[in-house]
Amino acid sequence: MRIHFLTTKLGKASGGAIYDQDFYNILRKKFPDVKLFDDEFFLNMFGNTGQGAGLIEFNDFYKKYADRLYDCEYLIINSRLYTRFVKTNLNRILRKYRNVRFLVIHHHNNYMNHKGLLYIIHRHFEMRILKKATQLIIPNQYVIDQLKKTYQLNNIICLPSSFEKKKYEISNLNTGNILFVGNIERRKGLMYGLKAFHLFSKMNKNYKFRIAGKFDENDSYYKKIKDFVAEKGLSGTVIFEGRVSDERLEWLYSHSDLFLFPSLLEGYGWVMIEAMGRGVPVMAFDNSAMPYTVKNNYNGILVDNLDWEKMGNSIVRLLSDKEMLKKLQQGALKTYEEVPSKATLKQQIESFIETWE
């Protein structure tokens with residue numbers, strides 16, 4: 001069986017990338033000849049070093065390479081690649097390759113990151129991919145509910161995100177650390193988190209806010225973040241860890257009292273579950289997928305969307321109430337116990353691909 005897997009790259013860059021890596025690895029065990037078409041493949045093929053390749057270049061790559069790309073029985077793509085198909089006539093492609101089963105892994109609606117005209121444009125091209133899919137593979141219930149309600153899409157199979165399910169003991173109490181994990185980008189809402197921490201730090205000088213995640217020193221949003229930290233005199237208490245090793249991340253999770261996650265949009269929120277697995281309660285805004293994971297006063301605290309002052313005051317109350325903190329830690333661990341394991345996902349994917357034969 002000829003299977004092609006199309007993505008940007010696999011690995012640990014995000015929860016979605018980890019999921020796609022797991023899916024691909026399971027697929028390869030069943031079908032060793034499955035072909036991976038990632039960005040590195042295209043850049044190498046066309047003699048590009050990877051510097052400066054953008055939307056136009058990749059659209060040209062995908063069109064030029066279409067015959068080989070679609071020469072398969074199953075084409076599996078990550079929906080985030082919808083921008084690569086802007087110049088592609090999908091109706092003509094699907095007519096030409098009518099025997100191809102077009103499977104799309106969809107983690108969240110990316111168009112919701114945009115506003116105004118960009119929102120409309122991105123929604124059009126992203127939904128074009130989803131509506132053309134033979135089947136949508138979605139790892140989380142929030143996105144499924146969203147698509148069924150808004151677009152009446154029903155060609156969906158849920159293969160939920162999964163975790164190692166290691167056993168962790170609670171050791172994170174009075175650590176003096178609040179943690180954020182995620183790339184420093186506007187969608188993650190870090191500025192709101194910093195404003196909340198600044199309010200909290202006026203009343204409690206003993207905590208540090210550790211930020212673990214990739215950043216670009218030339219990015220305007222990162223510069224705005226750094227300016228705020230300097231302006232408010234937080235340089236000694238806000239620690240930019242950068243992209244960290246697995247060992248360092250493990251230390252950060254196990255040495256934090258609270259996971260502060262002020263993201264503006266999540267399809268799932270992988271890092272919230274990772275934090276809960278270590279007994280770290282989560283504080284987040286009540287938006288997108290957050291209430292699907294964070295249960296107020298059980299495993300964390302949900303705050304009215306974008307209300308950073310309320311978030312700051314909630315940090316003050318929680319970290320001064322050790323009994324409540326212990327209760328949320330226990331709830332966090334129980335939540336982690338209930339999420340699917342890697343073994344469960346493997347079984348579900350294997351059962352799914354058995355139907356292809």
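Select E3, helix H5 (residues 90–96) and E4: together they make a right-handed β-α-β unit. The model on screen is predicted. Zoom in on the two strands. Strand E3 (residues 74–78) runs parallel to E4, and 5 bridges join them. To find the register, pick Tyr-74; its bridge partner in E4 is Arg-101.

Stay on E4 and extend the selection to strand E5 (residues 135–138). These two strands also run parallel, joined by 3 bridges. Label Val-104 here: its bridge partner in E5 is Leu-136. Now trace the connection. The chain leaves E4, passes through helix H6 (residues 116–132) and arrives at E5, in a β-α-β crossover that is right-handed.

How many residues of strand E4 (residues 101–105) are buried? The count is 4 of the 5, so E4 is largely enclosed by the rest of the structure.

**Next stop: helix H3**

Select residues 55–64, which form helix H3; Phe-58, Asn-59, Phe-61 and Tyr-62 are buried there. Look down the axis of H3. The buried residues fall within an arc of 160°, so they line one face of the helix. Turn to the face pointing away from that buried side: Ile-56 and Lys-64 sit there, exposed. Then show what covers the buried residues of H3. The cover includes strand E1 (3–6), helix H2 (39–45) and helix H4 (66–69).

**On to the six-stranded sheet**

Color the strands in the order E9-E8-E7-E10-E11-E12. This is an open sheet of 6 strands with parallel pairing. Its edges are strand E9 (238–242) and strand E12 (300–303), each pairing on one side only. Tilt the view to follow the twist, which averages 20° from one strand to the next.

Go to the pair E7 and E10. Strand E7 (residues 177–181) and strand E10 (residues 258–261) run parallel, with 2 bridges between them. Select Ile-178; its bridge partner in E10 is Leu-258.

Which helix lies across E7, E10 and strand E11 (282–285)? Select residues 270–277: this is helix H11, running at about 175° to E10.

**Into the cores**

Keep Ile-178 selected and add Phe-209 and Phe-259. These residues have the most contacts inside the largest nonpolar core, a set of 51 residues. Helix H8 (residues 190–201) gives the most to this core, with 6 residues. A second, separate core has 39 residues, including Ile-129, Tyr-142, Val-143 and Ala-289.

Center on Phe-209 and display what surrounds it. Leaving out residues up to four places away in sequence, Phe-209 touches Ile-178, Leu-179 and Phe-180, among others. Its contacts also include Leu-190, Gly-193, Leu-194 and Phe-197. Further contacts include Thr-237, Val-238, Ile-239 and Leu-260.

**Last stop: two unusual backbones**

Most residues other than glycine have a negative phi. Two sites here merit a click.

Select Gln-152, in the loop between helix H7 (141–151) and strand E6 (156–158). Although not a glycine, Gln-152 has a positive phi of about 55°. Is Gln-152 buried or exposed? Its relative accessible area is 53%. The cut-off for exposed is over 50%, so Gln-152 counts as exposed.

Finish at Leu-306, in the loop between E12 and helix H13 (308–319). Leu-306 is not a glycine either, yet its phi is positive, at about 70°. With a relative accessible area of 37%, Leu-306 is partly exposed.

Definitions and conventions: Residues are numbered from 1 along each chain as its sequence is written. This is a predicted model: local features need pLDDT of at least 70, side-chain atom pairs count only at pLDDT 80 or more; totals for chains, interfaces and linings use all residues. Side-chain values use heavy atoms; hydrogens and water are left out. Two strands pair if DSSP finds at least two bridges between them. Axes are lines fitted to C-alpha atoms, for helices over the stretch in contact, and angles run from 0 to 180 degrees between N-to-C directions. Contact means heavy atoms within 4.5 Å. A nonpolar core is a set of buried Ala, Val, Leu, Ile, Met, Phe, Trp, Tyr and Cys residues joined through side-chain atoms within 4.5 Å. Buried means under 20% relative accessible area, exposed over 50%, partly exposed in between (1.4 Å probe, protein chains only). A crossover is right-handed if, with the strands pointing away from the viewer, the path from the first strand over the helix to the second runs clockwise. The arc is that of the directions from the helix axis to the C-beta atoms.
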